[in-house]
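Trainee: Please take me through this structure and show how each label is justified.
Mentor: Certainly; let us proceed from each definition to its value.

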Amino acid sequence: MKFTIVVWFAAIAAAQSWSPQESGTTASLRGVSAVSASVVWASGSNGTFLRTTDGGAHWRSGKVPGASDLDFRAIQAIDENVAAMLSAGAGEKSRVYKTGDGGGHWELMYTNPDPDGFFDAIAFWDDAHGILLGDPVKKRFVVMTTADGGGTWKRQKGPEAQSGEGAFAASNTCLFARGTREAWIGTGGARVFHTTDAGETWSVAKTPIRKDSSSAGIFSIAFSNKLYGVAVGGDYHKPAESSANIAITADGGKEWKAPPNGPGGFRSAVVYVPEMKAWIATGTSGSDISLDGGETWKQFDQGNYNAISFAAGAGWAVGPMGAVAKWRP
């Protein structure tokens, strides 16, 4: 029976791959948000955004006016017309923009007020309520929340950071929101913060993910339900190293353990795909799939991607030089 299961797992994994699509841009892409099997948004360097309404058969790329020097590392789409983008950069180069007409016009919603600040990620519980994460200012992570779709932002008392601890603006997945007020943050200190009251209070837990350099730690975190989650990362300067690059939890993030077998290298994004009951991780040295709750992983692609997003069983990956690829089951 064990041999049959192993063969079945290998066959399933081998059947998966990313199928490249023509994006129409050469920008470095780090943000992607799938709304449905047809509507997907993506974002990247030089003020770039992309959108498709036909599953990627045709992508339309554009640039936000006056933002050509901004790196949009995060995008959160609500539907085919409404999306918010977050740029990551020092001080005022960290901003939030929003469109309500499919990218025809973009409104600047918020500019980072901290000269030493740096935004990392943005997520929404619904079309009105959202949360924003930034690197520590005055020894605390910057956490802001909105209740009006990003029109105004309220600064919360973010969790206290350790010396040199920050977050990675690599894929917009170091922050994960679920339900109506719950969220988790994965940090470069290999720690996970958890809130159940929309950022007003936080608990913290350590993980076994490596934190042996400034380029190592947790890069992405995701949950399949209220209790079960997976965090991935590693060292982005050592993309092929697979040591201490994953942790899993079964109690909502109170305790984390390293599974017996992890992804095949540094991974910057992980998602759970309920239609397949599968976890998928990606990074600069490839992509992997797990069909047993993250306990074991099989690499199925060696492409260089930064971020992934799934909706209704359909998925996309984005990466350097305008790379966009669709999940091919």
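Trainee: How many salt bridges does a search of the whole structure find?
Mentor: A search of the whole structure finds 11 salt bridges. This is a predicted model, in which local features need pLDDT of at least 70 and side-chain atom pairs count only at pLDDT 80 or more, while totals for chains, interfaces and linings use all residues. Residues are numbered from 1 along each chain as its sequence is written, and side-chain values use heavy atoms, with hydrogens and water left out.

Trainee: Why is the contact between Arg-191 and Glu-165 called a salt bridge?
Mentor: The term requires a side-chain nitrogen of Lys or Arg within 4 Å of a carboxyl oxygen of Asp or Glu. For the side chains of Arg-191 and Glu-165 the N to O distance is 2.7 Å, so the contact qualifies as a salt bridge. The pair links distant parts of the chain, 26 residues apart: Arg-191 is in strand E16 and Glu-165 in the loop between strand E13 and E14.

Trainee: What makes Arg-191 buried or exposed?
Mentor: Buried means under 20% relative accessible area, exposed over 50%, and partly exposed in between (1.4 Å probe, protein chains only). Arg-191 has a relative accessible area of 10% and is therefore buried. Glu-165, at 6%, also counts as buried.

Trainee: Which residues do salt bridges that share partners join into one network?
Mentor: Glu-182 meets Arg-178 in a salt bridge of 3.2 Å, N to O. Glu-182 and Lys-226 also meet, at 3.6 Å, N to O. Glu-182 lies in strand E15 and Lys-226 in the loop between E18 and strand E19, so this pair ties together parts that are 44 residues apart in sequence. Salt bridges that share partners thus join Arg-178, Glu-182 and Lys-226 into one network.

Trainee: How is each of these three classed by accessibility, buried or partly exposed?
Mentor: Glu-182 is buried, because its relative accessible area is 7%. Arg-178, with 28%, is partly exposed, and Lys-226, at 46%, counts as partly exposed.

Trainee: How do you know that E8 and E9 pair?
Mentor: Two strands pair if DSSP finds at least two bridges between them; strands (E, at least two residues) are DSSP runs, numbered from the N terminus. E8 and E9 pair in the antiparallel sense over four bridges, so the criterion is met. Tyr-97 stands opposite Leu-108 in E9.

Trainee: What is the order of the four strands in the open sheet?
Mentor: The order is E6-E7-E8-E9, with antiparallel pairing. E6 and E9 are the edge strands, because each pairs on one side only.
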